[in-house]
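Please prepare a briefing on the chain shown below, going from its surface to its charged pairs and its sheets.

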Amino acid sequence: MKMLHFLSVITVCLHLYVTQVSAECYSPSFNFASYTHPELLDLTTPPGSVIASFPVENVRSATVVQQPSYLETRIVGTDLQFLATAAFAQYEEREIQTVIILQVSYQCTTTTKNGLYRHNLKLANNHAPKFMQDAYEAVVPLPLPKHFDVTPFIANGAGIMARDIDLINNAVTFSVTENDYMLIESYAVPNDPKQFKAILRLKEQVLKMPNKLELTVTATDAGVPQKSTQVSVVIDPDLSIVYDDPPVFKETFINTTIEKDLLLRVELIPGTETYDVQYSLQGTDAQYFTQTVWENNTGMDLKVIDLGDIPKAKPILNVVAVAKRSQLQATSCVILVHIPPDSDPEVPATTVDKVLSVLHLNEMSEHRDIFPLAIESCTYSIQSQTPGDYFFKEDATIPSLSSKAFDREDKDLFGGLDFPQFWIVLKLACPVPSTTKTELESPTNWNRSGPMRDIEYSTDLTHLNIIVDDVNDNSPVFSFPPNDAQFAFPTAYLARKMLPDRLLQVEASDLDEGLNAVIRYSLAANDHFDIDPRTGVIFPLKSALGSEESVSLEIIATDRDGAEDGNVSKVKFRVFKATDEQLVVLTVKNIDPDTFESLLNEISLKQGIQMGTVRNVFSVDGEELKVERRSTNEQHSTTAIVYAFKEDRLLSHDDLIGAFKSMDVNFTMTFTKLNDLYTTQPKIVESDTTAIYPYIIVAAFFGTLVVAMGAAALYYRNKIRRANNSSTSSLSRSSNISDSIIVQHDHKAPSSTPPVENGVTHPITNARSLSDLLAIVEDAEQENEKTEPKPPTQLDRKKSIKFSDHVERIEVYDKYPTS
């Protein structure tokens with residue numbers, strides 16, 4: 001019996017368990033908790049396509065938790081389906097993950113389950129790179145340095161950009177069509193793995209460019225197979241910017257044979273500013289040419305004179321055409337004109353590699369192996385060199401030309417030359433003929449390699465032009481101020497009157513050239529003065545010499561425009577605070593500013609003092625000064641604020657004047673104190689009435705205003721007195737009905753018209769405020785209303801309150817009701 005009861009309980013439990021299990025979500029091929037699809041999902045799948053389907057039981061609905069989503073789910077009958085949404089087409093544009101992970105909520109018959117669904121993507125090169133613009137244009141200024149990036153001038157500074165949205169192998173490489181100006185670089189954009197940028201850089205320094213440079217840029221991805229896209233890029237030079245570049249000939253070497261009416265044309269590179277270019281022809285053979293400069297000054301024509309005037313023994317004409325804007329901006333063109341003899345020329349026994357060679361050497365260094373002095377068994381010898389004697393033949397296994405160190409800034413060495421350079425003539429000699437006539441007649445021996453390969457018959461001389469390049473071997477040299485100099489600057493009070501714009505201007509120079517000679521100035525840290533790094537003007541700060549009697553300043557001059565590797569020079573000086581008692585306003589008649597400065601220097605030397613000026617000396621032409629329409633005979637009247645040092649002490653006003661008066665000079669000098677100068681009323685020294693009109697109009701306006709105010713004051717004063725006199729003879733409705741004083745003021749002096757009470761004049765002794773006075777008036781009016789029950793017939797009652805002469809009057813109007 002017990003056994004049957006136990007079995008029945010087991011049966012009930014099993015039934016309940018089966019019932020519960022049958023109510024949960026179930027699928028023979030799908031794991032609701034976590035499922036990864038074994039197949040790859042093609043990214044080109046159209047929206048709405050079913051990408052996966054599974055048979056399920058007890059599943060009422062399925063919902064993707066995160067929204068919006070690239071995939072969605074639905075229950076169709078007994079199948080659980082996954083579909084691509086409309087957003088799936090934008091997956092590559094927006095995402096970088098190679099797997100889609102969904103969190104799905106499943107509604108079972110009695111419970112709810114949450115699970116993850118994963119679907120890996122099929123990776124392929126689906127897209128070619130796409131440029132952000134259909135075409136690019138840029139307008140760039142010229143000249144531009146080597147490797148300059150023109151990106152800031154393209155697409156408003158964004159540059160050339162391309163985007164590849166593939167999930168893999170989307171790295172973009174840019175290329176550009178072959179050209180003489182630009183190269184291209186490829187870069188990834190930070191924080192955006194699908195964006196790439198192209199950088200266009202200049203191959204070399206560019207002074208001139210064609211009117212329009214048309215390029216084609218190609219963007220190629222790293223996919224298999226690769227895909228690419230092209231875009232047009234047009235670069236225009238900014239023609240509004242004119243670059244005053246040094247003149248350069250289109251041809252720097254002309255080699256030709258003389259003929260009748262030979263005309264040689266030497267022309268500068270188009271686009272060069274030529275309005276101030278000057279042309280010349282140099283060399284001993286220049287006498288055989290005539291030169292004609294073109295009307296637009298962009299070149300010149302050279303014509304050989306009558307051939308009969310040229311010596312028959314002369315085999316060649318050698319001249320140099322020079323175009324020069326300044327000593328540092330010049331160019332040259334070497335011209336060789338061959339004169340063939342009447343008979344066939346003899347083949348030379350020796351030949352040279354180069355007839356003309358131009359080399360650059362740095363100064364202040366010894367040089368070795370400058371030029372080889374051997375050709376096969378033949379050797380060069382130095383026939384001449386100018387200037388100096390710095391070059392020599394160094395004997396070695398292979399002889400070569402060497403030099404001692406030379407200084408580019410040596411004026412004795414390079415004086416009179418356009419620029420520092422050497423001219424060396426080398427002569428080739430062969431002790432034993434190394435070639436036969438047949439071999440020498442071979443064109444391979446006549447036409448050697450090098451820039452002179454088109455010379456039919458070479459000579460045995462080589463001309464070397466050594467141009468000396470500058471190195472930064474000189475430091476800036478101060479010409480002003482001298483070291484340990486002393487200067488004065490006014491006190492803050494005087495400075496506010498004088499408004500000095502500068503203390504002094506530094507002057508320094510550097511013997512080097514170019515960037516090595518560009519000087520940048522700076523001051524050692526201080527709270528009083530600062531300096532303009534370019535002009536060297538030292539100007540005061542707001543706190544200049546506030547509490548200090550003097551301050552020491554150090555000027556630092558650095559060449560190479562202040563670069564870290566520039567040479568540095570320093571100079572120190574001291575600035576003293578100058579008061580009114582140490583400054584003199586000096587005016588000298590019939591003297592110009594330059595003579596004025598010379599006068600100060602002369603007095604300084606004779607008196608053993610150091611004079612200076614706070615303000616720049618200024619001069620006024622005396623012929624233009626007309627006082628009372630009478631012209632003076634003075635040519636100049638020069639004025640300056642002067643100070644002087646004796647040792648380390650500023651001279652006083654009287655001592656300074658004494659120094660001037662002790663000098664025997666033929667000038668009229670006037671001395672003024674600085675405060676007197678700024679307190680003196682200005683004089684009108686011109687009789688031009690148009691300058692006085694504004695003052696006349698302003699004075700007339702204020703004069704009329706004063707007269708009107710005086711007349712009004714007299715009128716109201718007389719009127720008030722008549723009213724007071726009439727109040728003593730008859731009662732009227734006025735403020736005098738009250739027994740209290742209406743207004744008492746705080747003036748100690750008695751008023752011109754004291755208040756009258758019952759016909760007796762009382763002085764006012766106590767001061768009251770206006771609010772107290774108005775309260776007294778209201779009390780008096782209430783008393784009047786009690787004694788006179790009938791309201792007055794007039795709507796407004798005027799009360800006159802009298803003051804002293806300092807105040808004219810106050811009128812108070814009391815409003816009464818109409819009923």
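A nonpolar surface patch is made here of residues with over 30% relative accessible area and no salt bridge, whose nonpolar side chains (Val, Leu, Ile, Met, Phe, Trp, Tyr) are joined within 5 Å. In this predicted model, Phe701, Phe702, Leu705 and Met709 form such a patch on the surface, and together they have about 430 Å² of accessible area. The points below begin with the chain as a whole and then return to this patch, before turning to salt bridges and strands.

**The chain as a whole**

- The protein chain has 12 helices and 51 strands, and of its 819 residues 36% count as buried.
- Among the contacts in the protein chain with a separation of 6 or more, 67% are accounted for by residues 24 or more positions apart.
- About 47900 Å² of the protein chain is exposed, and carbon and sulfur atoms supply 53% of that area.

**The nonpolar patch**

- Phe701, one of the patch residues, has its place in helix α11, which covers residues 693–727.
- Phe701 counts as exposed because its relative accessibility is 52%, and the cut-off for that class is over 50%.

**Salt bridges**

- The structure holds 17 salt bridges, and the pairs described here include one within a helix and one that links distant parts of the chain.
- Glu93 forms a salt bridge with Arg163, in which the closest N and O atoms are 2.9 Å apart; this pair links distant parts of the chain, since Glu93 lies in helix α2 (residues 91–94) and Arg163 in strand β10 (residues 160–163), 70 residues apart.
- Which residues are linked with Glu93 in a network of salt bridges? The network is made up of Glu93, Arg163 and Asp192.
- Arg163 has a relative accessible area of 18% and is therefore buried, the cut-off being under 20%, whereas Glu93 is partly exposed, with a relative accessible area of 33%.
- Glu267 forms a salt bridge with Lys250, with the closest N and O atoms 3.7 Å apart; because Glu267 lies in strand β17 (residues 263–267) and Lys250 in the loop between β15 (228–237) and β16 (253–257), the pair ties together parts that are 17 residues apart in sequence.
- Glu267 is partly exposed, with a relative accessible area of 29%.
- Lys606 forms a salt bridge with Glu602, the distance between the closest N and O atoms being 3.1 Å, and both residues lie in helix α8 (residues 593–607), 4 residues apart, which is about one turn of the helix.
- Within this helical pair, Lys606 counts as exposed at 57% relative accessibility, while Glu602 is partly exposed, with a relative accessible area of 33%.

**The three-stranded open sheet**

- An open sheet is formed by 3 strands in the order β2-β5-β4, and the pairing is antiparallel.
- Because β2 (50–55) and β4 (71–76) stand at the edges, each with a single partner strand, one side of each is left without a neighbour in the sheet.
- From one strand to the next in this sheet, the twist averages 20 degrees.
- β4 pairs with strand β5 (residues 79–84) in the antiparallel sense over 6 bridges, and Ile75 stands opposite Leu80 in β5.

**The four-stranded open sheet**

- A further open sheet is formed by 4 strands in the order β1-β7-β6-β3, and its pairing is mixed.
- The edges are taken by β1 (34–42) and β3 (59–64), each with a single partner strand, so one side of each is left without a neighbour in the sheet.
- The twist in this sheet averages 30 degrees from one strand to the next.
- Strand β6 (residues 99–108) and strand β7 (residues 112–122) pair in the antiparallel sense over 9 bridges, and the bridge partner of Ile100 is His119 in β7.

**Strand β9 and its two faces**

- In a regular strand the side chains alternate between the two faces of the sheet.
- Strand β9 (residues 135–140) has a covered face with Tyr136, Ala138 and Val140, and an uncovered face with Ala135, Glu137 and Val139.
- β9 and β15 run parallel and are joined by 6 bridges, and Val140 stands opposite Pro237 in β15.

Conventions:
Residues are numbered from 1 along each chain as its sequence is written. This is a predicted model: local features need pLDDT of at least 70, side-chain atom pairs count only at pLDDT 80 or more; totals for chains, interfaces and linings use all residues. Side-chain values use heavy atoms; hydrogens and water are left out. A salt bridge is a side-chain nitrogen of Lys or Arg within 4 Å of a carboxyl oxygen of Asp or Glu. Buried means under 20% relative accessible area, exposed over 50%, partly exposed in between (1.4 Å probe, protein chains only). Patches are made of residues with over 30% relative accessible area and no salt bridge: like charges are joined within 9 Å, nonpolar side chains (Val, Leu, Ile, Met, Phe, Trp, Tyr) within 5 Å. Accessible areas come from the Shrake-Rupley method with a 1.4 Å probe; for residues, only the protein chains shown count as cover. Contact means heavy atoms within 4.5 Å. Two strands pair if DSSP finds at least two bridges between them. Axes are lines fitted to C-alpha atoms, for helices over the stretch in contact, and angles run from 0 to 180 degrees between N-to-C directions.
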